[in-house]
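Biologist: Could you take a close look at one loop for me, and then walk me outwards into the rest of the model? I'd like the backbone first and the packing after that.

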Amino acid sequence: MNTQRPAPKRRLAEWVELIQQREMPIFNNTVHQVLRVFDDELAPAAALAQVIMQDPSLTTRILKLANSVYYNPAGASSGYTLTTVNRAVVVLGFNAVSNMCLAATLVDDTIEGATRERVARELARAIHAAMQARSIATAREDKAPEEVFIAALLHRVGELAFWCFGGEQAEALDQFYRQQPATLPERGQERILGFRLNQLSGQLARVWHLNDLVREAIATPSMLDERIQTVVLGQQIALCAEDGGWRSARMQKLVQRTAKMIDLAIGETHKRLQQNAREAAEMAADIGAQIAVPHIPQHDETSDQPASDQPTLDQPAPNQRPTAATTAVPEPDAQLQLRVLRELSALIEGGTANLNQVMTLALEGIHRGVGMDRVVFALITPDKRTLKARYALGSEHERLLARFQFTRLPRQSHPLFVALERQQPRCIQERALDEVPATVIQALGRTPFMIAPIDIAGQGIGLLYADRATSARALTEPLFEDFQHFAKQASQGLTLAARRRAR
């Protein structure tokens with residue numbers, strides 16, 4: 001008999017407050033911005049790209065996922081890869097990239113602690129259920145399959161948050177599950193916690209202002225609404241595959257129910273659900289959730305038991321690329337530079353380029369192609385006295401956006417303003433930093449940097465800034481030349497776009 005004294009219980013409201021204080025990564029500032037853009041039917045694709053590119057880690061994950069077999073099946077064979085977030089949004093679609101963002105951020109920093117396996121299973125179930133639900137929604141011609149994907153992905157967000165941050169009570173519930181496997185999970189939750197974890201999901205969905213479909217699917221899963229039932233069915237398929245495999249009697253009933261919903265033969269439906277599971281595992285691997293891959297059940301022709309070479313928690317699945325640790329220090333990549341410049345040219349030649357699109361591509365090319373740690377585009381105010389950051393990429397991008405604002409004093413020889421006035425790029429090395437005003441050093445640090453003016457038809461509108469402050473790597477002449485090339489292309493593109501609009 002277990003006589004261990006249980007951990008003190010917290011009320012449901014206290015758990016909500018605790019999780020909010022811990023700032024679960026899926027609901028950091030970036031994801032809130034993605035959700036806001038997703039909910040805005042009039043938001044341009046460039047708005048989503050700009051949000052993503054404020055987060056270097058997310059940018060890397062999105063581009064990797066965008067070039068995966070699932071999203072870009074022709075890429076590997078044709079040699080065509082998506083090298084910019086802007087292009088990924090255009091080619092793959094606004095909704096698809098929004099989903100990538102949510103799936104990618106779901107795994108950030110949520111895989112530590114004593115209940116690691118529970119977290120892994122929740123991650124696996126979330127990704128698997130979302131893929132199943134979207135497939136079903138698409139087949140029945142749902143008005144917005146991507147909303148269904150998001151609702152299924154976040155349907156058990158309370159469970160995921162609890163296992164991440166539950167501490168002693170999470171360990172106590174895990175122990176209860178192991179000792180009494182026949183007891184319904186909800187009974188164990190009420191006994192150990194005093195509430196059910198789906199109630200925590202509902203409260204988090206409310207305080208985080210998630211959309212109506214997410215909240216309704218959590219609060220009223222039995223409602224006779226096709227969209228809610230699609231979300232619930234995705235969850236049931238994922239759970240059943242995990243607990244009973246693909247050949248269980250319960251799975252057969254779920255297959256029959258799905259086949260009726262999407263008007264497809266039972267055999268074909270079964271194959272489709274298994275394919276969805278394979279694609280879910282591929283997505284998990286591509287976004288760095290290797291811990292979840294073994295928990296997304298794959299169909300085996302001879303047995304529903306895991307094969308002897310089934311990947312473990314610490315071993316990448318066969319034929320899947322191991323995920324390297326994301327770095328905020330990009331290396332120069334001449335091929336990527338060329339591809340970004342081609343995309344910039346194509347955008348300009350298309351006749352629809354604007355400041356946002358041109359500068360987004362230029363900054364991405366400088367950051368990821370030239371290999372600069374921090375990149376900023378700052379606009380000059382109409383009175384020509386103040387430079388203020390409009391876009392930033394790389395490490396400390398939020399701090400850069402907040403701090404990169406400089407006002408020139410009367411008769412002051414300020415290198416940033418002088419470069420803009422004279423239309424002359426400069427590479428400020430260590431020996432020249434003494435001429436840089438103290439306000440710039442205080443805001444950006446004492447680090448060598450490169451600057452280049454951006455103009456429209458000869459009229460300076462702003463300044464490009466780039467440095468390697470994070471890595472402390474040297475600024476070389478070839479890097480400066482590549483940096484200038486992007487600045488010139490951006491100015492030429494903006495000039496051409498302005499002339500076309502004036503016709």
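**A loop and its surroundings**

Modeller: Let's start with Lys384, which sits in the loop linking β1 (374-380) to β2 (386-394). Keep in mind that we're looking at a predicted model. What is the phi of Lys384? The value is near 65°, so it's positive even though the residue isn't a glycine. That's worth a second look because most residues other than glycine have a negative phi. As for the side of things facing solvent, Lys384 counts as partly exposed, because its relative accessibility of 46% falls between the 20% and 50% cut-offs.

There's another residue of this kind to set beside it. Glu141 isn't a glycine either, and its phi is positive at about 60°. Glu141 also belongs to a loop, the one between α8 and α9 (145-153). Is Glu141 buried or exposed? With a relative accessible area of 72%, Glu141 is over the 50% mark and so counts as exposed.

That loop gives us a way into helix α8, which covers residues 116-139. Its partner here is helix α10 (residues 157-165): the two axes come within 9 Å and cross at roughly 160°. An angle over 145 degrees counts as roughly antiparallel, so that's how α8 and α10 run with respect to each other. The crossing of α8 past α10 is left-handed. Who does the touching? On the α8 side we have Arg118, Val119, Glu122 and Leu123, and on the α10 side Glu159, Leu160, Trp163 and Cys164. Sorted by class, this contact has five nonpolar and three charged residues, and no polar ones.

One of those charged residues deserves a stop. Glu122 is part of helix α8, and at 7% relative accessibility it counts as buried, because that's under 20%. So what does Glu122 touch once its neighbours within four places in sequence are set aside? It is in contact with Arg156, Glu159, Leu160 and Trp163. Glu159, Leu160 and Trp163 are among the α10 residues in the helix contact, so Glu122 is a handy place to click if you want to see α8 and α10 meet.

Now back towards the loop we began with, by way of helix α19. This helix spans residues 355-370 and packs on helix α23 (residues 477-502), with an angle of about 170° and axes 10 Å apart. That angle makes α19 roughly antiparallel to α23. From α19, the residues in the contact are Leu355, Val358, Met359, Ala362, Gly365, Ile366 and Val370; from α23, they are Leu479, Asp482, Phe483, Phe486, Ala490 and Leu494. By class, that comes to 11 nonpolar residues, one polar and one charged.

Ile366 is the residue to zoom in on here. It lies in helix α19, and with a relative accessibility of 0% it counts as buried. Beyond its neighbours within four places in sequence, Ile366 is in contact with Gly371, Met372, Val375, Leu464, Ala466, Phe483 and Phe486. Val375 in that list falls in the 374-380 range of β1, which takes us back to the strand leading to the Lys384 loop. Ile366 also shows how far along the chain a spatial neighbour can be: its C-alpha atom is separated by 8.0 Å from that of Asp482, which is 116 residues away in sequence.

On the other side of the loop, past β2, comes helix α20 (residues 397-403), where you'll find Arg403. Arg403 is partly exposed, with a relative accessible area of 39%. Not counting residues up to four places away in sequence, Arg403 touches Gln442 and Ala443. Thr439 is 36 residues from Arg403 in sequence, and the C-alpha atoms of the pair are 9.8 Å apart.

Zooming out, the chain has 23 helices and six strands. Of its 503 residues, 54% count as buried. Among contacts with a separation of 6 or more, 65% join residues 24 or more positions apart. The chain exposes about 23500 Å², and carbon and sulfur atoms supply 49% of that area.

How values were computed: Residues are numbered from 1 along each chain as its sequence is written. This is a predicted model: local features need pLDDT of at least 70, side-chain atom pairs count only at pLDDT 80 or more; totals for chains, interfaces and linings use all residues. Side-chain values use heavy atoms; hydrogens and water are left out. Axes are lines fitted to C-alpha atoms, for helices over the stretch in contact, and angles run from 0 to 180 degrees between N-to-C directions. Helices (H or I, at least four residues) and strands (E, at least two) are DSSP runs, numbered from the N terminus. Angles under 35 degrees count as roughly parallel, over 145 as roughly antiparallel, 65 to 115 as roughly perpendicular and the rest as oblique. Contact means heavy atoms within 4.5 Å. Ala, Val, Leu, Ile, Met, Phe, Trp, Tyr, Cys and Pro count as nonpolar, Asp, Glu, Lys and Arg as charged, and the others, Gly among them, as polar. A crossing is left-handed if the near helix is turned anticlockwise from the far one by less than a right angle, and right-handed if clockwise. Buried means under 20% relative accessible area, exposed over 50%, partly exposed in between (1.4 Å probe, protein chains only). Accessible areas come from the Shrake-Rupley method with a 1.4 Å probe; for residues, only the protein chains shown count as cover.
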